[in-house]
Amino acid sequence: MSVRELVVLGTASQVPTRHRNHNGYLLRWDGQGLLFDPGEGTQRQMLRAGVAAHDINRICITHFHGDHSLGLAGVIQRINLDRVPHPVTAHYPASGERFFERLRYATAYRETVRIAQQPVSADGELDRAKGYALTARKLSHPVESYGYRITEPDGRRMLPERLAAHGIAGPDVGRLQRDGELNGVTLDEVSEVRPGQSFAFVMDTRLCDGVHALAAGVDMLVIESTFLDEDVQLAKEHGHLTAGQAARVAADAGVRHLVLTHFSQRYADPEEFERQARAAGFTGELTIAKDLLRVPLPKRR
């Protein structure tokens with residue numbers, strides 16, 4: 001059975017707290033697993049969340065600050081220790097390739113798995129896999145940073161009442177889907193477009209064109225909201241977003257499910273992020289991320 005869900009491994013910005021691990025997010029997309037920004041402690045959080053090294057097909061690093069990448073060494077060594085049977089692809093800003101290499105080979109271990117390195121140097125499509133396309137857009141942060149978006153191609157939804165009206169049933173439905181036409185009846189006459197699902201991952205950044213492009217129309221947006229709105233100047237200086245800014249992006253983009261994360265340790269009440277997001281005008285489904293939370297993608301449109 002296909003599963004599409006976000007597994008939250010950690011939600012803290014800069015430093016972990018008693019209740020929040022460094023960043024880490026696994027997106028389960030049918031039989032694929034995409035690990036985003038494995039910060040320090042990710043390997044242990046995977047164990048606590050029931051995520052295995054075998055679940056990882058792709059690693060996506062937004063930028064090389066420690067809270068987004070220090071767990072990479074342990075994750076890569078675990079992938080090799082467990083002899084993951086499939087290739088793993090790693091994406092990261094090309095300007096940080098030296099950091100990736102240092103983390104990949106931080107200590108001695110036996111390499112048993114092929115990890116393909118595909119650094120990101122410009123906006124655009126990075127890869128096409130079974131069931132989705134992966135794209136990247138540059139963000140605005142003191143170090144080079146990219147956000148990622150996964151988009152499923154549109155499909156078609158067969159309409160039973162129209163099929164019945166044309167007397168099409170059983171194996172003939174499959175023939176019509178395959179050939180696009182059957183006995184003068186076209187596929188367009190008995191079906192409608194089924195929009196593909198989409199997911200965007202936006203970490204450390206100020207407001208910029210890349211944020212809006214990644215968020216446009218997605219079913220689920222995972223986005224940093226390091227600061228509350230009263231600290232907007234501090235957010236701008238350090239290259240981050242506030243809860244209100246992130247929520248306004250989501251509202252303007254038509255996001256269906258907004259997941260706020262990457263919270264500064266200075267705030268004791270996580271519910272204030274929800275209050276500010278609602279005050280900013282976001283009316284869709286909203287999750288304030290917590291470590292080890294599982295968040296399913298919204299049902300298809």
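**Exercises on a sheet and its aromatic pairs**

Phe-64 is buried, with a relative accessible area of 14%. That value comes from a predicted model, and the exercises below use the same model.

**Exercise 1.** Classify the pair formed by Phe-64 and Phe-99, and place both residues in the chain.

*Solution.* Start with the geometry: the ring centres are 5.9 Å apart and the planes make 40°. Planes under 30 degrees apart would count as stacked and over 60 as edge-to-face, so this pair is tilted. Next, look at location: Phe-64 lies in the loop between β4 and α2, while Phe-99 belongs to helix α4, 35 residues apart. Finally, check accessibility: Phe-99, at 30%, counts as partly exposed, whereas Phe-64 is buried.

**Exercise 2.** Do the same for Phe-263 and Phe-273.

*Solution.* Their centres lie 4.6 Å apart with planes at 55°, so this pair is tilted. Phe-263 sits in the loop between β16 and α10, and Phe-273 in helix α10. Both residues are buried.

**Exercise 3.** Find which strands stand at the edges of the seven-stranded sheet, and describe what packs on the sheet.

*Solution.* Write down the order first: β7-β8-β9-β14-β15-β16-β17, an open sheet with mixed pairing. β7 and β17 each have a single partner strand, so one side of each is left without a neighbour in the sheet. On average, neighbouring strands are turned by 15° against each other, direction ignored. Now add helix α10, which packs on the sheet and touches β16 and β17. The direction of α10 makes about 150° with that of β17.

**Exercise 4.** How do β9 and β14 run, and how many bridges join them?

*Solution.* The two strands run antiparallel and are joined by four bridges. As a concrete case, Thr-151 has Ser-198 in β14 as its bridge partner.

Key:
Residues numbered from 1 in each chain as written. Predicted model: local features only at pLDDT ≥ 70, side-chain atom pairs only at ≥ 80, totals over all residues. Heavy atoms only, no water. Pairing = 2+ DSSP bridges. Axes fitted to C-alpha atoms, helices over the stretch in contact; angles between N-to-C directions. Contact = heavy atoms within 4.5 Å. Phe/Tyr/Trp six-rings, centres within 6.5 Å; stacked < 30°, edge-to-face > 60°. Buried < 20%, exposed > 50% of the residue type's maximum accessible area, 1.4 Å probe, protein only.
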